[in-house]
Amino acid sequence: MGAEVVSDESLELELITSRPAGGRDAEFAEFMAASMSALHRSAFLLCGDAHRADELTQHALERTYRAWPRAREGDPLAYARRVLMNLRIDGWRRTRREVLADPHELAEQDTAWTDPDHADRDEVLRALLALPVKQRRVVVLRYLLDLSEAQIAAELDIPLGTVKSTGSRALVSLRTSLEPSINRRLP
Amino acid sequence: MTRIDDETFVSFLREHTLSSVPVPGLDPRTVLVSSRRKRTATLAARTSAASLAIGIGVLGIVALDDPRESPAVPVSAPTTSEAPEPTPAAPPDEPSMCAEFPTQPPGGGPSYEGWWSSSPADLDGAILTDPVDWPPIVREHPQTVLIDTRTGKVIESFDRYACAPVAGYEVPPDLALPPDAVVVVDALTGEVLETMSPPAFSPQP
């Protein structure tokens, strides 16, 4: 038997890529090409784990695809980001049964990085992950991705005042965690 | 200790976090295939739930039309408040879930309210019809049943695809459930989502 075995997935891929441009798939593929990195960046900043960020991004994209007629009416990236923000960011801890180190404990450990930039980045990321998820969402959207407070209020469906107060509390927490080490590095 | 201003602090945060972001490990073509498959599965689930609900409705009508089953006195058709109608089929591009369940007929036992049966709403009380706006747990478990584990019987069930009770659900005999409780179970996966105290009184047979 010399027949070549073709998996369902590769056949499906072939069918998709051989289709003429147009329709939901073509539009969505174009949207993904333009937006996947931005979505993945948001996901990584929320969860701090590359693989989990991949999962969250994929999940958000799948749901956006399902609701594509609705998503494309407005800003599809905002729609997908809204889906992403509503996902259960820490869900994998329950489903995968992995034992994770507490970010607070990790932050207290002496870092043995020889690369000072790497050590700084690591410390900042851990401080971010130590924030409650609601604060983390606002910090990521407001301070790291530079969305306006009004945009955040709309995307997270919370009052503008809550965006301001949550962001402010989160910054105080981050300062408390990070300022000692920042000051140590100041000349 | 020097206190740096907010702007400098935010710049520091941005610089140190954005430079840590790895390249996505996703293949867009694979994501597209997966998206299409899940959409197809969702549509199939909705279609089968709606068909089942319609089938039950048709069976009910056939039974009423069967002279052997007809009661001696005329029976009025069930009203909306007595029996929820199956959701009309949604357009194929819009797999949807129902935010608000029609009133279910009283089951003769205690009623438990929670995310599984309630209508997601905003702070002003307006019902959120777009599942994107719902709490994740509501979206992730659209078909739920409440089981009294003392009797093993279903108290109520909720299917947001059909906007009706879960049609044809039977408690799997091998489903592991806690004793002496009322549990909310995902009808598809069997996952126990909530465990509550049972009523102090015995449920009516």
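This dialogue goes through a predicted model, taking the chain interface, then salt bridges in chain A, then chain B.

Visitor: How many residues meet where chain A and chain B touch?

Guide: The contact set has 55 residues of chain A and 50 residues of chain B. Together the two chains bury about 5,100 Å², with 62% of that on carbon and sulfur atoms. A:Arg66, A:Arg70 and A:Arg175 supply 13% of the area that chain A buries against chain B, more than any other three residues.

Visitor: How many salt bridges and polar contacts are there between the chains?

Guide: Side chains of opposite charge can pair when their charged atoms come close. Between chain A and chain B the count is 4 salt bridges. One of them joins A:Arg175 to B:Asp6, with the closest N and O atoms 2.7 Å apart. As for polar contacts, 10 residue pairs are found across the interface, both partners at pLDDT 80 or more.

Visitor: Which helices of chain A supply the side that touches chain B?

Guide: At least two residues each come from α1 (8-18), α2 (23-47), α3 (50-66), α4 (68-71), α5 (76-86), α8 (116-129), α9 (133-144) and α11 (160-185) of chain A. The largest share, 11 residues, belongs to α2(A). By residue class, the side of chain A that touches chain B divides into 26 nonpolar, 7 polar and 22 charged.

Visitor: Turning to salt bridges inside chain A, where do A:Glu55 and A:Arg52 lie?

Guide: Both are in helix α3 of chain A, 3 residues apart, which is about one turn of the helix. Their salt bridge has its closest N and O atoms 3.0 Å apart. The two partners can be read against the 20% limit below which a residue is called buried. A:Glu55 counts as partly exposed because its relative accessibility is 31%, whereas A:Arg52, at 11%, counts as buried.

Visitor: Which parts of chain A does the pair A:Arg81 and A:Glu155 tie together?

Guide: The side chains of A:Arg81 and A:Glu155 meet in a salt bridge at 2.6 Å, N to O. A:Arg81 belongs to helix α5 of chain A and A:Glu155 to helix α10 of chain A, so the pair ties together parts 74 residues apart in sequence.

Visitor: Are A:Arg81 and A:Glu155 buried or exposed?

Guide: A:Arg81 counts as buried at 10% relative accessibility, and A:Glu155 is buried at 8%. In helix α10 (residues 149-156), A:Ile152, A:Ala153 and A:Leu156 are buried along with A:Glu155. Just after α10(A), A:Asp157 takes a positive phi of about 55°.

Visitor: Which residues form a network through shared salt-bridge partners?

Guide: Start with A:Glu149 and A:Arg142, whose side chains meet in a salt bridge at 3.9 Å, N to O. A:Glu149 is partly exposed, with a relative accessible area of 25%, and A:Arg142 counts as partly exposed at 24%. Through shared partners, salt bridges join A:Arg142, A:Glu149 and A:Lys164 into one network. Over all chains the structure holds 12 salt bridges.

Visitor: What is the order of elements in chain B?

Guide: From the N terminus on, the elements run α-α-α-β-β-β-β, that is, 3 helices and 4 strands. Of the 205 residues in chain B, 36% are buried. Sequence separation is another way to read a fold: among contacts in chain B between residues at least 6 apart, 57% join residues at least 24 apart. The accessible surface of chain B is about 11,900 Å², and 58% of that belongs to carbon and sulfur atoms.

Definitions and conventions: Residues numbered from 1 in each chain as written. Chains lettered and ligands numbered in written order. Predicted model: local features only at pLDDT ≥ 70, side-chain atom pairs only at ≥ 80, totals over all residues. Heavy atoms only, no water. Buried < 20%, exposed > 50% of the residue type's maximum accessible area, 1.4 Å probe, protein only. Contact = heavy atoms within 4.5 Å. Buried area = accessible area lost by both parts, 1.4 Å probe. Polar contact = N/O pair within 3.5 Å; in protein donor to acceptor, adjacent residues only side chain to side chain. Nonpolar A, V, L, I, M, F, W, Y, C, P; charged D, E, K, R; others polar. Areas by Shrake-Rupley, 256 points an atom, 1.4 Å probe, with all protein chains shown as cover.
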